[in-house]
Amino acid sequence: LDGIKVLDSVKLDKQGRFSFSHKRPDGPDFYRLRVDGQVVNLGIDSTETVTIKGTLPSLATAYTVEGSVECEKIKELSSKQMALQEQIRLLASRQLPIGDFRDSVERMVSAYKQQICRDYIYSNPRAGYAYYALFQRINGGQLFSTEGLTREDVRAFGAVATSWDMCYPHSLRTVNLHNIAMRGMKNSRKPAVTTIPEELIHEVTLL
């Protein structure tokens, strides 16, 4: 939550092989494997062995992963995210009027957001990849806003926060989710309208 921290590093052998081991996290957590500027995002939620294979310079997009459903789902999410970014880039290259471009991007992002909610968040909100999905960035902005949340955003954060509260109550990521969801719920509530009974209303004249 405080940013990316280096945990370890290793030199590849002549065949390009490497291995890491690290203490099991207390709850789902996220890691980055970085090789020569290529980044692979990983999610680990228990004691497990994850095998990653790929080649440079296309490691970030063409790697394979075995031994972790979390990592497989995160790879799917990353691929979908990059595909949407490419669609937006191609749309921008057409030099459409700014209003038409903005409307088209909003439709594309909205459709993507609905798919992510359906296939990765509501289908299994306790999963690490559900958390990961909430914090994806598209076109420089957050897919699910953590400030000024819409009702759709509040519902998505609330679903994951509720599951994590039950499954990982002591995780700092759970506290973070809970705070975002509660703040969104508070800000999205309509102000209460108070009606005063007519018999209690008395007109007065200001002199």
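In the predicted model, strand β1 (residues 29-35) pairs with strand β2 in the antiparallel sense, and seven bridges join the two. The strands form a hairpin in which two residues lie between β1 and β2, and Asp-36, which is located in this turn, has a positive phi of about 50°. Within the paired region, Phe-30 is found opposite Gly-43 of β2. Strand β2, which spans residues 38-44, is mostly covered, since six of its seven residues are buried.

A second point of interest is Gln-81, which is placed in helix α2 (residues 69-93). The relative accessibility of Gln-81 is 17%, and because residues under 20% are classed as buried, Gln-81 counts as buried. When its neighbours within four places in sequence are left aside, Gln-81 is in contact with Tyr-112, Gln-136, Arg-137 and Ile-138.

The packing of two further helices was also examined. Helix α3 (residues 98-121) packs with helix α5 (residues 151-167) at an angle of about 15°, and their axes are 12 Å apart. Because angles under 35 degrees count as roughly parallel, α3 is described as roughly parallel to α5, and α3 passes α5 in a left-handed crossing. On the side of α3, the contact is made by Lys-113, Gln-114, Cys-117 and Ile-121, while α5 contributes Glu-152, Asp-153, Ala-156 and Val-160. Sorted by character, the residues of this contact between α3 and α5 comprise four nonpolar, one polar and three charged.

How values were computed. Residues are numbered from 1 along each chain as its sequence is written. This is a predicted model: local features need pLDDT of at least 70, side-chain atom pairs count only at pLDDT 80 or more; totals for chains, interfaces and linings use all residues. Side-chain values use heavy atoms; hydrogens and water are left out. Helices (H or I, at least four residues) and strands (E, at least two) are DSSP runs, numbered from the N terminus. Buried means under 20% relative accessible area, exposed over 50%, partly exposed in between (1.4 Å probe, protein chains only). Contact means heavy atoms within 4.5 Å. Two strands pair if DSSP finds at least two bridges between them. Axes are lines fitted to C-alpha atoms, for helices over the stretch in contact, and angles run from 0 to 180 degrees between N-to-C directions. Angles under 35 degrees count as roughly parallel, over 145 as roughly antiparallel, 65 to 115 as roughly perpendicular and the rest as oblique. A crossing is left-handed if the near helix is turned anticlockwise from the far one by less than a right angle, and right-handed if clockwise. Ala, Val, Leu, Ile, Met, Phe, Trp, Tyr, Cys and Pro count as nonpolar, Asp, Glu, Lys and Arg as charged, and the others, Gly among them, as polar.
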